[in-house]
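Dear colleague,

Please find below the structure that I am handing over to you, followed by an account of what was found in it.

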Amino acid sequence: MLPIRMRAGVRAALADAECVSAEDGNPELMRWSIPAVLQPRGGRAKVQAVAGHAPNRDPVLIQGLRTAHRLVERDRARLPTVKGIPQPRYAVRLMRLAFLSPRIQRDILAGHQPARLRLEDLMRAPVPFRWKAQEQMISGAPIRAETG
């Protein structure tokens with residue numbers, strides 16, 4: 001536990017997948033969460049930090065991205081075209097992933113997306129049209145799902 005007054009400095013030092021949160025029992029303290037793997041070795045446990053740059057391929061997210069591209073056709077100039085609105089509504093939400101920034105799509109396929117990024121959240125989020133705004137949304141604050 002750390003004093004809450006250190007929050008700004010700690011947030012500036014966070015690596016990918018690390019987070020800070022207020023402690024439930026004491027609002028003057030915060031918890032710094034660091035992802036780690038517990039590796040048992042011959043009856044002894046060894047805690048090993050998870051490298052922030054290590055690929056973390058999410059098969060659900062990758063499959064969603066691939067399915068989204070199958071829902072979008074290409075014209076002669078290889079530009080995306082949509083001939084009709086797919087049914088059900090799930091397919092419409094999924095199809096939007098085909099229009100994500102190329103950088104975001106490359107990161108997802110390489111396993112370098114933020115650890116908190118999930119297919120369901122991405123499909124429900126109000127994703128901006130501009131690629132730069134998409135990249136800021138993905139790398140910045142947590143995605144807020146639409147209600148309703």
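I begin with a single residue, Pro128, which lies in the loop between H5 and H6. Please note that the model is a predicted one. Pro128 has a relative accessible area of 25% and is therefore partly exposed, since that class lies between the limits of 20% for buried and 50% for exposed residues. Leaving aside residues up to four places away in sequence, Pro128 touches Ala133, Gln134 and Met137. Pro128 can also be placed relative to Leu100: the two are 28 residues apart in sequence, and their C-alpha atoms are 9.1 Å apart in space.

Overall composition

The protein chain has 148 residues, of which 25% count as buried. Its secondary structure comes to 6 helices and 7 strands. Read along the sequence, these elements follow the pattern β-α-β-β-β-β-α-β-β-α-α-α-α. Of the contacts in the protein chain with a separation of 6 or more, 49% are between residues 24 or more positions apart.

Helix H6 and its surroundings

The three residues touched by Pro128, namely Ala133, Gln134 and Met137, reappear among the buried residues of H6, which are Ala133, Gln134, Glu135, Met137 and Ile138. The cover over these buried residues includes H4 and H5. Ser139 is also found in helix H6. Ser139 is exposed, because its relative accessible area is 58% and the exposed class begins over 50%. The C-alpha atoms of Ser139 and Ile104 are separated by 9.5 Å, and the two residues are 35 residues apart along the chain.

How do H4 and H6 cross? Their axes come within 8 Å and cross at roughly 40°. H4 is therefore oblique to H6. On the H4 side, the contact is made by Pro102, Arg103 and Ile104. On the H6 side, Trp131, Gln134, Glu135 and Ile138 take part. Sorted by class, the contact of H4 with H6 has 4 nonpolar, 1 polar and 2 charged residues. Gln134, Glu135 and Ile138 thus appear in two descriptions: they are buried in H6, and they contribute to the contact with H4.

The nonpolar core

Which residues of the largest nonpolar core touch the most other members? They are Leu97, Ile108 and Leu122, in a core of 18 residues. Helix H2 (59-71), helix H3 (89-95), helix H4 (102-110), helix H5 (119-124) and helix H6 (131-139) each supply at least two residues of this core. The largest share, 4 residues, comes from H2. As for Ile108, not counting residues up to four places away in sequence, its contacts are with Leu61, Ile62, Leu65, Gln113 and Leu117.

The three-stranded sheet

I turn next to the strands. An open sheet of 3 strands has the order S1-S3-S2, and its pairing is antiparallel. S1 and S2 stand at the edges, each with a single partner strand, so one side of each has no neighbour in the sheet.

The pairing can be followed residue by residue. Strand S2 (residues 19-22) and strand S3 (residues 29-33) are joined in the antiparallel sense over 4 bridges. They form a hairpin, with 6 residues between the two strands. Val20 has Trp32 as its bridge partner in S3, Ser21 has Arg31, and Ala22 stands opposite Met30. On the other side of the sheet order, strand S1 (residues 2-3) pairs with S3 in the antiparallel sense over 2 bridges. Here, the bridge partner of Pro3 in S3 is Leu29.

When you view the sheet, it may help to recall a general point: in a regular strand the side chains alternate between the two faces of the sheet.

In summary, there are three places at which to begin your inspection: the contact between H4 and H6, where the axes come within 8 Å; the core of 18 residues, to which H2 gives the largest share; and the open sheet with the order S1-S3-S2.

Yours sincerely

Key: Residues are numbered from 1 along each chain as its sequence is written. This is a predicted model: local features need pLDDT of at least 70, side-chain atom pairs count only at pLDDT 80 or more; totals for chains, interfaces and linings use all residues. Side-chain values use heavy atoms; hydrogens and water are left out. A nonpolar core is a set of buried Ala, Val, Leu, Ile, Met, Phe, Trp, Tyr and Cys residues joined through side-chain atoms within 4.5 Å. Buried means under 20% relative accessible area, exposed over 50%, partly exposed in between (1.4 Å probe, protein chains only). Contact means heavy atoms within 4.5 Å. Axes are lines fitted to C-alpha atoms, for helices over the stretch in contact, and angles run from 0 to 180 degrees between N-to-C directions. Angles under 35 degrees count as roughly parallel, over 145 as roughly antiparallel, 65 to 115 as roughly perpendicular and the rest as oblique. Ala, Val, Leu, Ile, Met, Phe, Trp, Tyr, Cys and Pro count as nonpolar, Asp, Glu, Lys and Arg as charged, and the others, Gly among them, as polar. Two strands pair if DSSP finds at least two bridges between them.
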